[in-house]
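Me: I am new to reading protein models. Please take one part of this one and walk me through it closely, then show me how the rest sits around it.

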Amino acid sequence: MVKMQNWSMKSGMYNSVILLRQCVMPTILFMLLGACGDDYREKLAGRGSHARPVELILNEDGRPVPSVLAEQQELNRDNGEEPQTLDPHLAEGLPSAHILRDLFEGLTAESSEGRIVPGAAIRWNISRDGKTYTFYLRRDALWSNGDPVTAEDFVFGLQRSADPATASKYAQILLPILNAAEVLAGDLPPSELGVFAMDEFTLQISMRDPTPYFLALLSHSSTFPVHRDSVEEHGSAFSRPGNLVSNGAYVLSEWVIRSRVTLVKNQNYWDADNVILEKVNYFQFEDQSTALKRFRAGKLHWTAGVPNNQFKWLQKHYPDELVISPWLGSYFFGFNLEREPFIENPGLRMALILALDRDLLTEKVTQFGELPSYTLVPPGIMDYVSPVPEWAEWTQAEREAEAKRLYAEAGYSEDNPLQFEIRYTAGVNNKKMALAASSLWKQVLGVQSTLLNEEYKVFLQNRERKILTQVFQAGWISDYADPYSFLNLFRTGHGRNDYGYTNSLYDALLDEVAAERIPSRRRRLMYETERLLLADLPFIPLYTYVTKRMVNPRLKGWQSNVMDHHYSKDMYFLKAASDEAPAVLEEIEISETGSEETTTTILLEEIDARGEGDETLLIEQTSQPAEPAGDPETVDPEQELPLEEKESVDPGEIKPPEAGTDDETVLEDSIE
Amino acid sequence: MIKDSGMARYALWRLAGLIPTLLIMITVAFFLMRVAPGGPFDSEKLLPPDIEANLNARYHMDEPLLQQYFRYLSQVAVLDFGPSIQYKDWTVNELIGQGMRVSLTIGLAAMVLAFVFGTLLGITAALRKNTRVDYSLMGVAMLGISVPNFVIAPVLILLLAVYAGWLPAGGWDWGIASMVLPVVTLSLPVTAYIARLTRGSMIEVMHSNFIRSARAKGLPESLVIRRHALRPALLPVISFLGPATAGMISGSVVIERVFSIPGLGSYFVQGALNRDYTLVMGVVIFYGVLIITLNFIVDMIYAWLDPKVRYDAKS
């Protein structure tokens, strides 16, 4: 009894302070923002940058000469979230994939610029019909315990990956292999998989379909070999430090859950002489601001991302460290074609597509150099160029005029405005994009859209059921550099075809693409397929993703690539240009902006959870870097936000400070 | 002698209530978790039905829900919480064990800090009731309760780590320096709350008849306070300690995130968002046992402090 009384006392007391809290919170926030004013930032800026490297000198093999290398070759990589597993066949998500690329080596690997190069296989033959691959393995490749890497290891690895008992989520990567579907379904034993060791160092893989991107799949972790003896000895614990035997450039030395995974150089690796980094620490940071603080303190050399809203500041103070490059992913909104008002209404869909100013959205909303997009397939896939729709060449004023015409033609007007809901899920950018699109539509056409923020899994379910959705956030980041991966999303019956798009001609074209072996013909077919899709307007293209991170300027050997795959074995540290040791900054030089950012983010979420849209806008505006007053025609979407839009928040939603705090979290599973 | 058996009987009576409480909690959590939309394997990426079937089979999610429930209960009976669905290389037992060490350290340290300072401040304020000391202490305490820790934490980092440079701005290495800021931040609101609680009950106690009697028989004021007033004045604080300690040990998502600490709190939230059924259930049961145990301990202390409770239980 007594206890209960006290609880109610407590909640009563908390209630009474809510008012105070609401007043105090913004005050404190602005105190904070004021406290870290420009003076302090400028004071820091001079000391904040990292030491310049010496000039890079390469020898004839393209490797750096020893005299330019730093003495200490230990890399601290921010790996974002905790890796889900280090079992290559169970792996999913970026954090696992990054580490596994260092630990293991597949039949193929990738060069620093992302080209497919020989890995454990030194060369291969592909039969004329594209259905038989023969791989010749390196004879000098060893496991980290000294055992030779043989064709049997790959057979065992692929069979394990396909085995229903392994329950690999990514086993679908194996589907082009003969009998893989039947093995996965449990209809055939794993030994029937179309993989065969012809001798100790020759491996043959039989295919169900010719798969032009198959070599790229072989650098994916679900095709990696595993060391049979240690898997059989340790079972599911084989991927722990001390047990894990790997064939890549590094071996697992330590794993502190949710803190750090440490790899050290594998002395038995066939190319160990060319591996320069001796040790790689993968750190886990749930909060990108915290990671940025560590980076600025010199304790991290590579971050997984950068905090949103700090682009201008970072660009100004860390021009050499901030690295932004296109990523193989598209961000778009989908239409539900099975619900009003979008069924059989291409004119209306076109009006909405045209009304959005993509240059404005990428410049003012996403802000990190994302590329405005008019197609589905992002640029950067070798040899493929998307068909660009005609309206992409128009000026925005022309697009808007046409949008207005189409809107009126569809029967809508100021008195009879179009109303629909935009669904999106957690993530700072998702919210901003939805808000901006909504306000642009209102401004250009007078559309009244309602924003609905949904918890991730709820959002996915609603999308899939196609009962509630009208316009929804969508996107795709591909596992392999092939347009088919994107185009296939819109196939009738595809599990992620949440658009309800169905076109038998489109499906037939996709089938043709899948069967076509001659690259130029296949490219032309894909071009036609995408053109058909763009003409049918089931989605609203918005932008192409970019990767954004901070990299220590002394770290070299890596290159930006659309897959964002970076092997530690390619990297090395150069000496600092000055004689003194590389400046490791003291704790005092840690960014104050980081803490400010944290507050802002959490505050936003807190307010978000209470469903007070107006306040959100206010604070988001303060956290935007100030924009110079530009063209009077351009409207800052942040300032034109319709205040009457109501934000509906799922009542059951738990709002944690988001891991990853980025729109990419939505897609975490579609990556790697 | 009589007193001891009363205590023991009271303890047994309380312990017997523990099992059904836990059972209800597990049941509710288990089915609520399954009712939530989506499952652990849902993602933007399509899963072929065969692969989904394999995954469900591996975690016994292909069985009827009731069968899963009883399977889970039999596992829990032997303290096996199963493998985590999200963190595949670790069992839930290992994850909770690792997070618990961190959370326990911070939580207990913060609790001790809050209890010591809270009661001291509260008593001081009560004894100087309606003076400037009282008003300023209670004013600060009100601020401590009102200002959320996601504001306090960055302010402290800003002042002590960034400007002064005395402490690290985050991270966890089991060193004292890395614990100071999170512990202080975590303890501040509780300190403030305890101070207010102590002040209130102390003032009430000081007005009661037995204090008047103690004074009347000529005891010096310091003895009146120590021998007669302190015990009853701390009763409400003690009963607050149970849930408060549990709250602190169970970890604070905000503190963990801002200071980058691998504690328990984020398993709860991340686990729920990822629909990591086994992890969430494990954490729920762990919290449940923790809260029940702490409440039990508090009730025992309470019974020891206040004989009325024992007699009620007996009758």
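Reply: Here is a close look at one sheet in chain A, followed by other parts of the model.

Start with the setting. This is a predicted model. Chain A has 672 residues, and buried residues make up 50% of them. Its secondary structure comes to 19 helices and 19 strands. Look also at the contacts in chain A between residues at least 6 apart in sequence: 71% of these join residues at least 24 apart.

Now the sheet. Four strands of chain A form an open sheet, in the order 4-5-7-6, with antiparallel pairing. Which strands are at the edges? They are strand 4 (121–126) and strand 6 (195–199) of chain A, and each pairs on one side only. On average, neighbouring strands of this sheet are turned by 25° against each other, direction ignored.

Take the strand pairs in turn. Strand 4 and strand 5 of chain A run antiparallel and are joined by five bridges. Here I126(A) stands opposite Y133(A) of strand 5. These two strands make a hairpin with five residues between the strands. In that hairpin, G130(A) takes a positive phi near 75°.

Next comes the pair of strand 5 (residues 132–137) and strand 7 (residues 202–206) of chain A. They also have five bridges and run antiparallel. F135(A) has L203(A) in strand 7 as its bridge partner. A helix joins the picture too. Helix 4 (residues 151–162) of chain A packs on the sheet and touches strand 5, strand 6 and strand 7. The direction of helix 4 makes about 170° with that of strand 6 of chain A.

Compare another sheet of chain A. Four strands form this open sheet in the order 1-10-9-8, and the pairing is mixed. Strand 1 (74–78) and strand 8 (250–256) of chain A each have a single partner strand, so one side of each is left without a neighbour in the sheet. The twist averages 20° from one strand to the next. Strand 1 and strand 10 (residues 279–283) of chain A run parallel, joined by five bridges. In this pair, R77(A) stands opposite Y282(A) of strand 10.

Now the nonpolar cores. In soluble globular proteins, nonpolar side chains tend to be buried together. The largest nonpolar core here has 151 residues. Which members touch the most others? They are L137(A), F333(A), A351(A), A355(A) and A437(A). Helix 13 (residues 428–445) of chain A gives the most to this core, with nine residues. Follow A437(A) outward. Leaving aside neighbours within four places in sequence, A437(A) is in contact with F333(A), L356(A) and I422(A). A second, separate core has 85 residues, including F81(B), L181(B), V205(B) and L234(B).

Move on to a helix. Helix 17 of chain A covers residues 519–536, which is 18 residues. Why does its length make sense? At 1.5 Å a residue, helix 17 should span 26 Å, and its end C-alpha atoms are 26 Å apart, so the two agree. The buried residues in helix 17 of chain A are R522(A), L525(A), M526(A), T529(A), E530(A), L533(A) and L534(A). Look at how they are spaced. An α-helix has 3.6 residues a turn, so residues three or four places apart point the same way. What covers the buried residues of helix 17 includes helix 15 (484–487) and helix 16 (504–515) of chain A. Just after helix 17, L537(A) takes a positive phi of about 55°.

Finish with some details in the loops. A cis peptide bond joins E340(A) and P341(A), with omega about 5°. P341(A) is in the loop between strand 11 (322–335) and helix 10 (346–355) of chain A.

D564(A) has a positive phi near 60°, though this residue is not glycine. D564(A) lies in the loop between strand 17 (555–556) and strand 18 (572–573) of chain A. Is D564(A) buried or exposed? D564(A) counts as buried because it has 22 C-beta neighbours inside 10 Å, and the cut-off for buried is 20 or more.

Chain B has a similar detail to look up. R275(B) is not a glycine, but it has a positive phi of about 55°. R275(B) is in the loop between helix 12 (265–274) and helix 13 (277–305) of chain B. R275(B) has 21 C-beta neighbours inside 10 Å, so R275(B) counts as buried.

How values were computed. Residues are numbered from 1 along each chain as its sequence is written. Chains are lettered from A and ligands numbered from 1 in the order in which they are written. This is a predicted model: local features need pLDDT of at least 70, side-chain atom pairs count only at pLDDT 80 or more; totals for chains, interfaces and linings use all residues. The expected span of a helix is 1.5 Å times one less than its number of residues. A residue is buried if 20 or more other C-beta atoms lie within 10 Å of its own, exposed if 12 or fewer, and partly exposed in between; C-beta atoms are placed from the backbone. Two residues are in contact if their C-beta atoms, placed from the backbone, lie within 7 Å. A nonpolar core is a set of buried Ala, Val, Leu, Ile, Met, Phe, Trp, Tyr and Cys residues joined through C-beta atoms within 7 Å. Two strands pair if DSSP finds at least two bridges between them. Axes are lines fitted to C-alpha atoms, for helices over the stretch in contact, and angles run from 0 to 180 degrees between N-to-C directions.
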